[in-house]
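Student: I would like to go through this structure by question and answer. Can we begin with what surrounds the ligand?

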Amino acid sequence: MRIFLDTANISQIRQGVKLGVISGVTTNPSLVSKEGLKDYKAIVKEICSLVPGPVSAEVVVNETEAMLKQAREIATWAANVVVKIPSTTQGLEVISVLAKENIKVNMTLCFTLNQAILGALAGAAYVSPFVGRLDDISHDGMALVKDIVDVFKNYKLKTEVLAASIRHPQHCVAAAKAGAHIATVPYQVLMQMMQHPLTDAGIARFLADWQRVQRQQR
Ligand code: E4P
């Protein structure tokens, strides 16, 4: 499973990329607005220049023609930009046109297997089931990820499953077990993925023992 960072925060992206495990970034209008950033194009271009892989940037209009126009514009911002299109009827039409123009799409706000199947048939490069938001309304978000993975495998659909709305490290474990191609994670979750108290305790003990040896040698 590959790991993307789910953020528009430049310093988090710089830090994450330094670790050598981040192969893409996803943003959305809420994440961009959280950073108080005004120039959408400039921030997406900066993120694209920092990340060795796909960077998802979402359209911020809803009507078919307007979405298409904006998606085509976003696609010119960088070679590694991927346009995020919502899982709606209008979105589906837009995805099918963009796919014919070889513009990569991440179909976002996916909450059902049917939406995922249609997105794949329309030619989306990625579909993003929102795990945490389904869990929030007492649905099993990870069961949806597994269903999509299984069905895409059955029919040899090339669309990748990008587990999104990841809220904690256990979601990452479950996404990997479910066979998600990618999990997009907030920076804090990335940090939590590497934490273990026994690792910290083990280092403390090793260093203490090592210092004792050093003292004995003096
Ligand atoms: C990623 O593509 C999504 O925009 C993001 O994971 C949504 O996460 P949230 O449900 O925590 O806002």
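Tutor: The residues around the ligand, each with a heavy atom within 4 Å of it, are Asp6, Thr26, Asn28, Lys84, Phe130, Arg133, Ala164, Ser165, Arg167 and Thr184. This is a predicted model, where local features need pLDDT of at least 70, side-chain atom pairs count only at pLDDT 80 or more, and totals for chains, interfaces and linings use all residues. Residues are numbered from 1 along each chain as its sequence is written, and side-chain values use heavy atoms, with hydrogens and water left out.

Student: How far does a polar side-chain atom of Arg133 lie from an oxygen atom of the ligand?

Tutor: A polar contact is a pair of N or O atoms within 3.5 Å; within protein, one must be able to donate a hydrogen and the other to accept it, and residues adjacent in sequence count only if both atoms are side-chain atoms. For Asp6, a polar side-chain atom is 2.6 Å from a ligand oxygen. An N or O atom in the side chain of Asn28 is 2.6 Å from an oxygen atom of the ligand. For Arg133, the distance from a polar side-chain atom to a ligand oxygen is 2.6 Å.

Student: What share of the accessible area that the ligand has on its own does the protein cover?

Tutor: Accessible areas come from the Shrake-Rupley method with a 1.4 Å probe; for residues, only the protein chains shown count as cover. On its own the ligand has 340 Å², and the share covered by the protein is 85%.

Student: Is Thr7 buried or exposed?

Tutor: Thr7 is found in the loop between strand 1 (2-6) and helix 1 (10-18); helices (H or I, at least four residues) and strands (E, at least two) are DSSP runs, numbered from the N terminus. Buried means under 20% relative accessible area, exposed over 50%, and partly exposed in between (1.4 Å probe, protein chains only). Because its relative accessible area is 4%, Thr7 is buried.

Student: With which side chain does the side chain of Thr7 make a polar contact?

Tutor: Leaving aside residues up to four places away in sequence, Thr7 touches (heavy atoms within 4.5 Å) Gln12, Ile13, Val25, Thr26, Thr27 and Leu31. At 2.9 Å, the polar partner of the Thr7 side chain is the side chain of Gln12.

Student: Why is Asn154 exposed?

Tutor: Asn154 is in helix 8 (residues 141-154). Asn154 counts as exposed because its relative accessible area is 58%.
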